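Please open the structure below in a viewer and keep the selection tool at hand. The tour proceeds by selection, from helices to an enclosed space.

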Amino acid sequence: MQKQNETPASTEISFLNCIDLSNPDTQQSVSLLKQACLDCGFFYVTNHGISQEFMEEVFSQSRKFFELPSSEKMKVLRNEKHRGYTPVLDELLDPDNQIHVGDYKEGYYVGVEVPEDDPEAHKPFYGPNVWPEDGILPGWRQTMEKFHQQALGVARAVARIIALALDLEADFFDKPEMLGHPIAVMRLLHYAGQISDPSKGLYGAGAHSDYGLITLLATDDVYGLQICKDKDAQPQVWEFVPPLKGAFIVNLGDMLERWSNCIFKSTLHRVLGNGQERYSIAYFVEPSHECLVECLPTCKSEKKPPKFPPIKCGTYLSQRYKDTHANLNVYNKHQS
């Protein structure tokens, strides 16, 4: 049995750049981030302002939810707004290789809280969150709402460095139609200990790139995350990303690759289970529904015209989620 924090045998390890958000030398941070974005689209972020004590509390509360009986978890099943619980195999990220099954993970979505009577509540990914009853998990909602808010602050700080790395004004992504009113979705994740076998199409999470602008990932100390820097290589080379205590692992999404005209990379990644339980928290950050994602002025020229047509963020995300998640009708038997 492999010990926690022990590197899995016969594997490649990826050494990522580390961006210290407390570093007063902004230019150094921009340089490190730009190098990472050109190379693999993944990097660590440290000294981000969320205390280690609070991070541990969030993980503790996450474990408490996933330890509930299945019948309790199904009471807060994911709805059409992608809020709530996602059972094992609910998501299929790599249909070409995940034969007949989905991801061996369970999750819980929490988004920006928008009251049902708010004019914005009809939009995809907006609306009220789904919460376990307070009597079952006291203080759970308050912990998750606090983390959601704090993680958004970290994401905005990272986005300012990304803007500078793309030769834009630092506040480019702070505009109301971008991260002023974002679609920010947090997902608690639990891998129960299934051993992955790529030769049989069995994965904790199948190979995929993220859909949006950036993703922040907090993990426990169990290895699992792998990245593939060159998706077109044959055979593909997969490298483990070591957990780093207290840090977020940050990766760029397809939307930023599209925005930057493929200058910055959105990289394939996956999770392999090794027989150990693993917990992580992914925080997906996207601009508002109405934001038009089109090639940035600093990323195009006569010799490098835009590679993608403009598209509204809400339209793009809705289709990507529909393509990868099970139809909710498959769970109707649990609702009777």
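The stops below cover two helices and a cavity in what is a predicted model.

**First stop: helix H1.** Select residues 26–39, the 14 residues of helix H1. At 1.5 Å a residue, H1 should span 20 Å, and its end C-alpha atoms are indeed 20 Å apart, so the expected and modelled spans agree. Next, highlight Ser 29, Val 30, Leu 33, Ala 36 and Cys 37, which are the buried residues of this helix. Turn the view to look down the axis of H1: these buried residues fall within an arc of 135°, and therefore line one face of the helix.

**What covers that face.** Add strand E2 (18–20), strand E3 (42–46), helix H4 (140–165) and strand E11 (248–252) to the selection; these are among the elements that cover the buried residues of H1. Then move to Gly 41, which follows H1 and has a positive phi, near 75°.

**Second stop: helix H4.** Select residues 140–165, already met as part of the cover over H1. For the 26 residues of H4 the expected span at 1.5 Å a residue is 38 Å, which agrees with the 38 Å between its end C-alpha atoms. Just after H4, select Asp 167, where phi is positive at about 60°.

**Third stop: a cavity.** The structure holds 2 cavities of 30 Å³ or more. The second largest cavity has a volume of about 70 Å³. To find this cavity, select Tyr 191, Gln 194, Gly 273, Asn 274 and Gln 276, which lie nearest its centre among the 14 lining residues. What classes of residue make up the lining of the second largest cavity? The lining has 7 nonpolar, 6 polar and 1 charged residues.

Notes. Residues numbered from 1 in each chain as written. Predicted model: local features only at pLDDT ≥ 70, side-chain atom pairs only at ≥ 80, totals over all residues. Heavy atoms only, no water. 1 Å grid on protein atoms, 1.4 Å probe; cavity = no way out; pocket = protein on both sides within 12 Å on 5 of 7 lines; lining within 4 Å. Points joined across faces, edges and corners; volume = space filled by probe spheres on them. Nonpolar A, V, L, I, M, F, W, Y, C, P; charged D, E, K, R; others polar. Helix = DSSP H or I, 4+ residues; strand = E, 2+ residues; numbered from the N terminus. Expected span 1.5 Å × (residues − 1). Buried < 20%, exposed > 50% of the residue type's maximum accessible area, 1.4 Å probe, protein only. Arc of directions from axis to C-beta. Contact = heavy atoms within 4.5 Å.
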